[in-house]
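Let's walk through a small protein model together, one question at a time. Keep the picture open while you read.

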Amino acid sequence: HRLAFVFSLDQFRTTNEVEVRFDETADGGTRLTLTHKLDIQWAAFVDRTAQGWAMMLDGLQRVLRNGAA
């Protein structure tokens, strides 16, 4: 139901906590909630980080719906 890991970027000397939760929906599906605890020094990158995660999760959704390429 929960996956937690440290997201690290050595070139920027930063680590952030990421949590992914999977919850069953009323219709039998799964809701995925991703939380990336971005250090305050990277506040200017919040939107870009969210876009990056959205792009990766959209790709994962396509693979899961269509099968592996």
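Q: In what order do the strands of the open sheet stand?
A: Keep in mind that this is a predicted model. Its open sheet has 3 strands, and the pairing is antiparallel. Reading across the sheet, the order is E1-E2-E3.

Q: Why is one side of E1 and of E3 left without a neighbour in the sheet?
A: Look at where E1 (2-9) and E3 stand. Each has a single partner strand, so one side of each has no neighbour in the sheet. The reason is their place: both stand at the edges.

Q: What does the twist average from one strand to the next?
A: Step across the sheet, strand by strand, and follow the change in direction. From one strand to the next, the twist averages 20°.

Q: Which strands does helix H1 touch?
A: H1 covers residues 46-66 and packs on the sheet. Its direction makes about 150° with that of E3. The strands that H1 touches are E1, E2 and E3.

Q: Over how many bridges do E2 and E3 pair?
A: Find E2 at residues 14-24 and E3 at residues 30-37. Across this pair, Glu19 stands opposite Thr35, and Asp23 stands opposite Arg31. The two strands pair in the antiparallel sense, over 8 bridges.

Q: Which residue takes a positive phi in the hairpin of E2 and E3?
A: Now zoom in on the link between these two strands. The hairpin has 5 residues between the strands. The phi in question is near 90°, and the residue that takes it is Gly28.

Q: How do the elements of the chain run from the N terminus on?
A: Start with the tally: the chain has 1 helix and 3 strands. Follow the chain from its N terminus and note each element as you meet it. You get β-β-β-α.

Q: Is the chain more spread out or less spread out than a compact globule?
A: For 69 residues, the globule rule gives 11 Å. The radius of gyration of this chain is 14 Å, well over that value, so the chain counts as more spread out.

Q: What percentage of the residues count as buried?
A: To count as buried, a residue needs under 20% relative accessible area. Apply that to the 69 residues of the chain, and the share that counts as buried is 13%.

Note on methods: Residues are numbered from 1 along each chain as its sequence is written. This is a predicted model: local features need pLDDT of at least 70, side-chain atom pairs count only at pLDDT 80 or more; totals for chains, interfaces and linings use all residues. Side-chain values use heavy atoms; hydrogens and water are left out. Two strands pair if DSSP finds at least two bridges between them. Helices (H or I, at least four residues) and strands (E, at least two) are DSSP runs, numbered from the N terminus. Axes are lines fitted to C-alpha atoms, for helices over the stretch in contact, and angles run from 0 to 180 degrees between N-to-C directions. Contact means heavy atoms within 4.5 Å. The radius of gyration is taken over C-alpha atoms; the globule rule is 2.2 Å times the number of residues to the power 0.38. Buried means under 20% relative accessible area, exposed over 50%, partly exposed in between (1.4 Å probe, protein chains only).
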